[in-house]
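Let's walk through how the pieces of this model are laid out and where they touch. Have the picture handy as you read.

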Amino acid sequence: MIKGRAISSGKAEGKVLKLDGTFSFLGGVNASTGDLNVREGNIAGKVFVFPGGKGSTVGSFVMYDLMVHGKAPAAIINESAETIVTTGAVISSIPMVDRIDMNVLKEGDDVIVDGDTGTIEIKGTKSVKVVSSAILRDGKILILQRPGNAKSFPGRKSLVAGKIETGEIPEAAAAREIMEETAISVSAPDSVLSPVFVREDDIIWEVHPFLFKVDDADPVLNKENVGFEWISPDKIADDPSVVPLTHRVVNEMIMGLK
Amino acid sequence: MYLTREEEEILAGEEGESSQKAMELIVALGKIYGADDLVDITSAHLSGASYKTIGDGGLKYLEDMVRGGAVVSVPSTLNPIGMDRERWKEMHITPSFAEKQLMIIDLYGKMGVRTTCSCTPYLGENVPSLGDHVAWAESSALSFVNSYIGAKTNREGGPGALAAAILGKTANYGLHIDENRKPAVIIDAEIEGSVFSYSMLGQAVGMAIGGKIPYFRGIDPTVDDAKTMSAAMAASGAVALYHIEGVTPEAGNFDLNGLETIHIGNKELEEAYGKLNTTDDVQLIALGCPHLSPKEMRDIASFLKGKKKRNKDTEIWFCTSARVREECPEEVKIMEEFGPVLADTCMVVAPIEGVFERTGTNSAKAGNYLPTLCSQEVMCRDVSKLMDVVM
């Protein structure tokens, strides 16, 4: 179960049809058939996933027209809802949820969208709760190198991450993982974000991000990682081997520092 | 978002389906814009009236709203439609378009909306007062009432404004909150003062500041000047509210310390003019965007009096509201020698594409929308220069 925000009420299930760019219903789809004009595909009965709406306000009425013709999507998932698609979804009674990271959804996924609770469920996937902690020292962030045989994201680079044990609160899990993997001792976090969701095949990682400032700590690694480096937060995006969302999460947490 | 018990009941469907749908929409829009609660409104102005812009989906939506018993609960007016409801044949409108357009008008009428079909309801049919919360669509009209009158509205879309009209409430966010009505930039304007120069000023400012709230110095517009400037700024940028030193009612309320100042003079007006003009040769000259006021009707008629239209190939349309057309019989007589004085409609929402390819206008707003909504090349000049084409 992934939590977003409820926009238009109702519950529906369907296969994902996903677009990577913002979408205008006016000109983007044939209202009597549901065929897309922007690429191959038909949105009728699908869970239609795209970052957000754009273009003419007439788009809301195109959505209504699709509904009248029985060709409306079963549900809509956006990253960020705007007026046109929100209006169209509500007047056409299409369940809609936003604030969902597009990266957790794949074309063809079987998804249940609940527009009343603002949640989605991707069938055949498993959610795992993890912590991911940024250690900030002298304006640089500690990045660990994962071994090639790691169970998740092998060979990639990440923050100090690990599973939250049953019954453990996320903040305690963060401090425990940091001690285990780096032998650095931290107290209360200096910045925290709401969970973000990262997809790795059939696993949805529910990632609880934390940021801890340290003065002069040097990491001593255990066997879970094979190397480390301190890198500038604005350079994280330049390294494709760093796991998804790290750059965004770190920079949002730095902005949230007191 | 906080809802009163009565509002919760409407959302739960206890007041019927159309009120429930309206509440769902207002709540959803309020949510995405971070509203804390709803606010009572005193009037609404609705867009989504032309069959050309709303299509069969919009028509079906309105039919279903009427079937569900939707009725507006505050005075509500309607934007221009795709044709003059009597003289549509003179506009080259097909009977099938006319039939659907008349159905749309009829449906709005059944919901209790006044179907005067004008983009300038603030000149007579629907006049808010200082401090009123309202829910207006039509970017030019809502900017005028926000700024020149000091009423409070966001940029509503068609269905959102209709939902607000049904409930008599809208979501309380954005420009309904005084804190958000502060200017963001000072415009030091230098213009010669004709209506056309205000249109170009609006164009230039919209291009320069996008959707910010400007505070003007150095201008003293009449109602007509403000009407055309509001329209231009909303079309070239997304300006929904502006203040003018010594002119608009809220201008004195703000601390201007630290605001950036942008100078708009000849150079910027020429850039704006250059951006709008794409042709020197037109098949249609259309005046009245926004709809002509009584004063503009008098000015145009006195300019045309005694002159002859020599170029028979270029059509001229004068667009105004039915009320103003009725108020100005002498002017209408003179203008009709040149072309029809049309009510209810304008060149932007009428289906002129396919009939004309090149249109002349004195409106920067029309100059922005004619290429995109009507596939036209545009000549944007003041009235006397436009009329040179046909003299």
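## Domains in chain B

A quick word on terms: the domain bounds used here come from an automatic or database domain assignment. Keep in mind, too, that this is a predicted model. With that settled, chain B splits up into domain 1 (5-178), domain 2 (182-274) and domain 3 (277-388).

How far apart are the centres of domain 1 and domain 2 of chain B? Taken over C-alpha atoms, the gap is 27 Å. Where these two meet, domain 1 of chain B puts in 14 residues and domain 2 of chain B puts in 15 residues. On the domain 1 side of that contact, you'll find five nonpolar, eight polar and one charged residues.

## Domains in chain A

Over in chain A, the assignment gives domain 1 (2-122) and domain 2 (126-255). Their C-alpha centres sit 33 Å apart.

For the contact between them, five residues of domain 1 of chain A meet six residues of domain 2 of chain A. The domain 1 side is made of three nonpolar, one polar and one charged residues.

## Where the two chains meet

Now for the contact between the chains: 19 residues come from chain A and 18 residues from chain B. On chain A's side, strand S2 (5-8), helix H2 (59-68) and helix H3 (83-91) each give two or more residues. Which element supplies the largest share of that side? H2(A) does, with six residues.

Sorted by class, chain A's side of this contact has 10 nonpolar, seven polar and two charged residues.

Technical notes. Residues are numbered from 1 along each chain as its sequence is written. Chains are lettered from A and ligands numbered from 1 in the order in which they are written. This is a predicted model: local features need pLDDT of at least 70, side-chain atom pairs count only at pLDDT 80 or more; totals for chains, interfaces and linings use all residues. Two residues are in contact if their C-beta atoms, placed from the backbone, lie within 7 Å. Helices (H or I, at least four residues) and strands (E, at least two) are DSSP runs, numbered from the N terminus. Ala, Val, Leu, Ile, Met, Phe, Trp, Tyr, Cys and Pro count as nonpolar, Asp, Glu, Lys and Arg as charged, and the others, Gly among them, as polar.
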